[in-house]
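Let's take a walk through the inside of this one, looking at how its side chains pack. Have your viewer ready.

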Amino acid sequence: MTQNFFIFGNHPQLGNAELDAVLEGEWSEGCGGFAIVGDCKNMEEIFTQLGGSVKCGVVVGEARLDMIAHQLCDYIIHNRKIDQKVFFGLSAYGARLNTRRAGLAIKKMLAKQCASSRFVVSRDPALSSVVVQTNKLLSNRGIELVFLFCGNKWYFGETRAVQHF
């Protein structure tokens, strides 16, 4: 079953309440600053109705922290054309994760696959919607991968939309 995520802004309670109202209480779990919900066929349309959410996307699967760089590199290779330069960024929500170290490991692995890449970084552990949009991470050559810690599990997902700025 496909799952989606919604990242809340500065007021997670507002985002939580909005999501509850729009989805009429039919969503799986809130994890502080974000929520993981069941399959939303019109996720991006729902997202435009939510003023308290800054990002939304698709949960790809559970993340294995011991294999995270390999797992994400494989995902990028299989979901983006690597014959052109690929732009990618990493964000973490729910717990601390060294995204910079993981990103540099992914960049090295992509280089071994003869794939040119640009790793987008920020001062914060999570990329802002401005950084995602201005660095072309939502284009067909870009990707933002998001780590979500919820219920003692790490998930990873791909951002599909960010709040306009």
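We'll go from the nonpolar cores to the aromatic pairs.

A few ground rules: this is a predicted model, where local features need pLDDT of at least 70, side-chain atom pairs count only at pLDDT 80 or more, and totals for chains, interfaces and linings use all residues. Numbering runs from 1 along each chain as its sequence is written, and side-chain values use heavy atoms, with hydrogens and water left out.

Start with the largest nonpolar core (buried Ala, Val, Leu, Ile, Met, Phe, Trp, Tyr and Cys residues joined through side-chain atoms within 4.5 Å; buried is under 20% relative accessible area with a 1.4 Å probe, protein chains only). It has 22 residues, and Leu 72, Ile 76, Leu 90, Ile 106 and Phe 147 touch the most other members. Helix H3 (68-79) is among the elements supplying at least two residues each, and its six make up the largest share; helices here are DSSP runs of H or I, at least four residues, strands are E runs of at least two, both numbered from the N terminus.

Now for the rings, which pair if the centres of Phe, Tyr or Trp (its six-membered ring) lie within 6.5 Å; planes under 30 degrees apart are stacked, over 60 edge-to-face, the rest tilted. That gives four aromatic pairs. Tyr 75 and Phe 156 sit 5.8 Å apart with planes at 80°, so they are edge-to-face. Since Tyr 75 is in helix H3 and Phe 156 in strand E8, the pair ties together parts 81 residues apart in sequence. Phe 88 and Phe 119, by contrast, are stacked, at 5.1 Å centre to centre and 25° between the planes.

Technical notes
Buried < 20%, exposed > 50% of the residue type's maximum accessible area, 1.4 Å probe, protein only.
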